[in-house]
Amino acid sequence: MPFKNLQLFEPILRGIQSAGYTDPTPIQLRAIPVVLAGGDLIGSAQTGTGKTAAFALPILSKLGRHQLQPRVLVLEPTRELAAQVDTAFRDFARYTDLRTVAVFGGVGYGRQRAELRRGVDVITATPGRLMDYIKDGMINLRDIQVLVLDEVDRMLDMGFLPIVKEIIVRCSRERQTLFFSATVPPEIQSIASFALRQPTRVEIEVNRYVNQSINHAIYPVAFSQKSDLLVALLATTDFDSVLVFCRTKHGSDKIAHKLKNANHTVAVLHANRSQNQRIEALAGFKSGKYKVMVATDIAARGIDVAGVTHVINYDVPENSEDYVHRTGRTGRAQAMGDAFTLVTPENSGNIRNIQRFIGKKIPELRLDGFEYQPLAPRLSKPSRKSGLRQHQLRGGGPGQRR
Ligand code: AMP
């Protein structure tokens, strides 16, 4: 079914056209009618499925003309996501007079205050900075008609739930609430029961869904050779842009340094960097100024960068869900991507959990020509016939052009 059959406001349909979308994604097909009809919704869908447009398009369609009081509030766990979602709203609303603002910490108050004073229809915010404006009377939530709680599981991880609850109670009781979380553990279920009224459930991919357009591979390696293997992998892989995930901020800095020495253009994204550094890193990665971005999980969650051809887990994520989120940064919107994970014997338990979680065995590869230490670990016995496969991935393997 094309977008035009979904009863969206005509100027929004033009915004969709300008964005270059032709057909709705599955979550858009299912969520848009529910949101237009005014119902509450609980959606479990990963980023990369078109989730943002699934709520932004019907919300904007219902708003009509610009008014001075904010009528829509979207809560996001990170500054980058807040900025990204605000940009999506702004793009879809380009043929209307509706105004939007992104409100997040780490930058000055001046511009955000000026925008708020002019009057905005949609606020996309991280909880902390939003609360600052609520407390000093700059933002009042009593006219909020639609509240979107996005990436709630990540807000839980980041300790935001108490403040999120405070924000919910300040919104009008007559509001519509849209709630998105990849998983719904008990704490999240309790906040859902608290915030939502008779929600429609929309599950697009089950929690363990792994994007089918990604090739996954594991590279077993000794701990002492990890960074050398990373450098060798990058040297032999034909990538457009690659996202490297590390467990710690310090580790990210170290790896970034090493990759710079290997002549890569490298951006670093983690929570210890200033907001301006984070903005510069992300913008530079998006524009292609940096071909490599080294990041921790918190900073990179949900980030939508077109054309990420490779994700490399320098450190195996401890949490299996994070594996899905990290690798979901590639293979977005129908493009293909590769996801490599360096695994030391110490992490073999984690990788087994991940395979169980995603319900799929990830092939183990060895990089041809790399001088593995004699005791390079093998995570499972290779079959006698084939041994470990050499690095030969569809499209993205070393030396192969995509
Ligand atoms: P999201 O899940 O909201 O992070 O969206 C993932 C990516 O899919 C973004 O780059 C969107 O611009 C893109 N996208 C969303 N909806 C569509 C659509 N209907 N057609 C094509 N691309 C889309």
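In this predicted model, the ligand sits among 15 surrounding residues, and the closest of them are Tyr21, Gln28, Gly48, Thr52 and Asp304. Sorted by class, that shell comes out as four nonpolar, seven polar and four charged residues. Several polar atoms pair up with the ligand here. On the nitrogen side, a ligand nitrogen lies 2.7 Å from an N or O atom in the side chain of Gln28, and a ligand nitrogen also lies 2.8 Å from a backbone N or O atom of Asp23. On the oxygen side, the partner is Gly50, with a backbone N or O atom 2.8 Å from an oxygen atom of the ligand. As for how much of the ligand gets covered, it exposes 500 Å² when taken alone, and the protein buries 82% of that.

One stretch of chain worth a look here is helix H2, which spans residues 26-36 and includes Ile27. Is Ile27 buried or exposed? Its relative accessible area is just 1%, so Ile27 counts as buried. Ile27 also has a partner from further along the chain: Thr49 is 22 residues away in sequence, and the two C-alpha atoms are 6.9 Å apart.

Next come the enclosed spaces. Rolling a probe the size of a water molecule over the atoms shows where empty space is left. In this structure, two cavities reach 30 Å³ or more. The largest cavity holds about 50 Å³ of space. Its lining is made of 11 residues, with Ala45, Lys51, Glu151, Ser181 and Ala182 closest to the centre. By class, that lining splits into three nonpolar, four polar and four charged residues.

Thr183 belongs to the loop that runs between strand S6 (176-180) and helix H9. Despite its place in a loop, Thr183 has a relative accessibility of 9% and so counts as buried. Across the chain from Thr183 is Val152, 31 residues off in sequence, with a C-alpha to C-alpha separation of 8.6 Å.

Then there is the open space. The second largest pocket contains about 300 Å³. It is lined by 14 residues, and those closest to its centre are Phe223, Gly251, Lys254, Tyr314 and Asp315. Which helix gives the most to this lining? That would be H11, which puts in four residues. Helix H11 covers 249-261, and helix H10 (226-236) likewise supplies at least two lining residues. The class tally for the pocket lining is four nonpolar, six polar and four charged.

Arg366 is a residue of strand S14, a short run covering residues 365-366. With a relative accessibility of 22%, Arg366 counts as partly exposed, because the buried class requires a value under 20%. Its C-alpha atom is 9.9 Å from that of Leu229, even though 137 residues separate the pair in sequence.

Gly284 is part of helix H12, residues 275-287. It shows a relative accessible area of 5%, so Gly284 is buried. Gly284 can also be paired with Thr265: the two are 19 residues apart along the chain, and their C-alpha atoms are separated by 9.8 Å.

Finally, the backbone has a couple of oddities. Most residues other than glycine have a negative phi. Gln7 has a positive value instead, near 65°. Where is Gln7 found? It is in the segment before helix H1, which covers 10-19. At 67% relative accessibility, Gln7 is over the 50% cut-off and therefore counts as exposed. Gln198 is another non-glycine residue with a positive phi, this one at about 40°. Gln198 sits in the loop joining helix H9 (186-195) to strand S7 (200-203). Its relative accessibility is 77%, so Gln198 counts as exposed as well.

How values were computed:
Residues numbered from 1 in each chain as written. Predicted model: local features only at pLDDT ≥ 70, side-chain atom pairs only at ≥ 80, totals over all residues. Heavy atoms only, no water. 1 Å grid on protein atoms, 1.4 Å probe; cavity = no way out; pocket = protein on both sides within 12 Å on 5 of 7 lines; lining within 4 Å. Points joined across faces, edges and corners; volume = space filled by probe spheres on them. Nonpolar A, V, L, I, M, F, W, Y, C, P; charged D, E, K, R; others polar. Near = heavy atom within 4 Å. Polar contact = N/O pair within 3.5 Å; in protein donor to acceptor, adjacent residues only side chain to side chain. Areas by Shrake-Rupley, 256 points an atom, 1.4 Å probe, with all protein chains shown as cover. Buried < 20%, exposed > 50% of the residue type's maximum accessible area, 1.4 Å probe, protein only.
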